[in-house]
Structure formats: structure tokens, C-alpha cells
Amino acid sequence: MTEETIFSRILKGEIPCDEVYSDSLCLAFRDIQPQAPVHILVIPRKPIKSLKETSSEDKELLGHLLLISSAIAKEQGLVNWRTVINTGAEAGQTVFHLHIHIIGGRALEWPPG
Ligand code: AMP
């Protein structure tokens, strides 16, 4: 059985979210603790823990998530933005259901901490 996460509960409708986009493969919603004026998460409906657990079987899904992230960013009026996938606790991953952060609406520094 796959482990429950806050995001699997959002997908089941058990926890509300501020939805931005939804289709048969993914859901996008606003981050509850936004780090920038626009901070949206795009998650697959398929329960994948992190990028580490993906395989060639997920090629189309991963492409879809990136294309949707770009479409959402543009739809939000962003010209510059950052897409982030934290993989593993030491890289900052706190929710173990794959997600892409779309962060924008302010100048972003590099490198990250
Ligand atoms: P990460 O640290 O990369 O695993 O990102 C997890 C993100 O999920 C964080 O930016 C949190 O603020 C966000 N988050 C946690 N719970 C919720 C929630 N219920 N609704 C929306 N975003 C959430």
C-alpha cells in the first residue's frame, strides 16, 4: 500500500486546497506557505514519492508535469520563474509525494541555500 501524505489526502478531497489547475494526470494548487507572490505546486495523481522513484515508464507523465508547469506560470502572468523539485529530506523535501514548485513574481537569488 502507498503511504498517505498530505498531498494524497488533497488528491482524495479529504483536505482542501486552493486549486489552480486539474486534469486526469495532475493537480496544481497554491502553496500554503508561499515563498513568493506566486508559489504553486504541481503534483501527479500517481503516487510517486520523489523523482528518485521515477522510471522510463513515467516519461510522458514527467513531460506533462513540466509542460503544465510552464502553462500555469505563463497563465499567472509570469515572465521569469523558477521550477523546483526537491528530492530527499536533505535537499529540502518535506512532503514525500512528487511535486514541482512554480515560484515567481519577485527577483530570485541563485545559488539556493
Ligand atoms: P517540499 O519542501 O519541496 O517537500 O515542499 C512541500 C511544500 O508543500 C511546502 O512548500 C509546503 O508549504 C507545502 N504544503 C504543505 N502542506 C500543504 C497544504 N496543505 N497545502 C498546500 N501546500 C502545502
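This briefing covers the strands, nonpolar cores, ligand surroundings and two buried loop residues of the structure above. The model is predicted. Strand β3 pairs antiparallel with β2 and also with β5, while β5 pairs antiparallel with β4 as well. The largest nonpolar core has 15 residues, and the protein buries 86% of the area that the ligand exposes when taken alone.

**Strand pairing**

- Strand β1, residues 19-22, pairs with β2 in the antiparallel sense through 3 bridges.
- These two strands, β1 and β2, make a hairpin, with 3 residues lying between them.
- Within this pairing, E19 has F29 of β2 as its bridge partner.
- Strand β2 spans residues 26-30 and is mostly covered, with 4 of its 5 residues buried.
- On to β3, residues 38-44, β2 is joined by 5 bridges, and the two strands run antiparallel.
- In that pairing L27 is placed opposite I43 of β3.
- Strand β3 is in turn joined to β5 by 5 bridges, again in the antiparallel sense.
- The bridge partner of V42 in β5 is I100.
- Strand β4, residues 81-84, pairs with β5 over 4 bridges, and the sense is antiparallel.
- Here V84 stands opposite H101 of β5.

**Strand β5 and the segment after it**

- Strand β5 is mostly covered, since 5 of its 5 residues count as buried, the cut-off being under 20% relative accessible area.
- From β5, I100, I102 and G104 point one way, whereas H101 and I103 point the other way; all are buried.
- P111 is placed in the segment after β5.
- The peptide bond between W110 and P111 is cis, with omega at about 5°.

**Nonpolar cores**

- In the largest nonpolar core, which holds 15 residues, those touching the most other members are I40, V42, L65, I72 and I102.
- At least two residues of this core come from each of β2, β3, α2 (59-75) and β5 (100-104).
- Helix α2 gives the most to this core, namely 5 residues.
- Another core lies apart from the largest one and has 7 residues, including F7, L27, F29 and L41.
- Leaving out residues up to four places away in sequence, I40 touches V20, A28, F29, R30, D31, I72, Q76, I100, H101 and I102.

**Ligand surroundings**

- There are 16 residues around the ligand, and the ones that come nearest are D31, N86, G92, T94 and H101.
- I32 has a backbone N or O atom 3.1 Å from a nitrogen atom of the ligand.
- V95 likewise places a backbone N or O atom 3.0 Å from an oxygen atom of the ligand.
- From H99 it is the side chain that takes part: one of its N or O atoms is 2.9 Å from a ligand oxygen atom.
- Taken alone, the ligand exposes 500 Å², of which the protein buries 86%.
- H101, one of the residues that come nearest to the ligand, belongs to the β5 residues that point the other way from I100, I102 and G104.

**S50, in the loop between β3 and α2**

- S50 sits in the loop between β3 and α2.
- S50 counts as buried because its relative accessibility is 3%, where the cut-off is under 20%.
- The S50 side chain reaches the backbone nitrogen of K52 at 3.0 Å.
- The side chains of S50 and E53 are joined by a polar contact of 2.7 Å.
- Setting aside neighbours within four places in sequence, S50 contacts T87, Q93 and L98.

**Q93, in the loop between β4 and β5**

- Q93 sits in the loop between β4 and β5.
- Q93 also counts as buried because its relative accessibility is 3%.
- A polar atom of the Q93 side chain lies 3.0 Å from the backbone oxygen of K49.
- The side chain of Q93 reaches the backbone nitrogen of G88 at 2.8 Å.
- With residues up to four places away in sequence not counted, Q93 touches K49, S50, N86, T87, G88 and H99.
- Among the residues that Q93 touches, N86 is one of those that come nearest to the ligand, and H99 has a side-chain N or O atom 2.9 Å from a ligand oxygen atom.

Technical notes
Residues are numbered from 1 along each chain as its sequence is written. This is a predicted model: local features need pLDDT of at least 70, side-chain atom pairs count only at pLDDT 80 or more; totals for chains, interfaces and linings use all residues. Side-chain values use heavy atoms; hydrogens and water are left out. Buried means under 20% relative accessible area, exposed over 50%, partly exposed in between (1.4 Å probe, protein chains only). Two strands pair if DSSP finds at least two bridges between them. A nonpolar core is a set of buried Ala, Val, Leu, Ile, Met, Phe, Trp, Tyr and Cys residues joined through side-chain atoms within 4.5 Å. Contact means heavy atoms within 4.5 Å. A residue is near a molecule or strand if one of its heavy atoms lies within 4 Å of it. A polar contact is a pair of N or O atoms within 3.5 Å; within protein, one must be able to donate a hydrogen and the other to accept it, and residues adjacent in sequence count only if both atoms are side-chain atoms. Accessible areas come from the Shrake-Rupley method with a 1.4 Å probe; for residues, only the protein chains shown count as cover.
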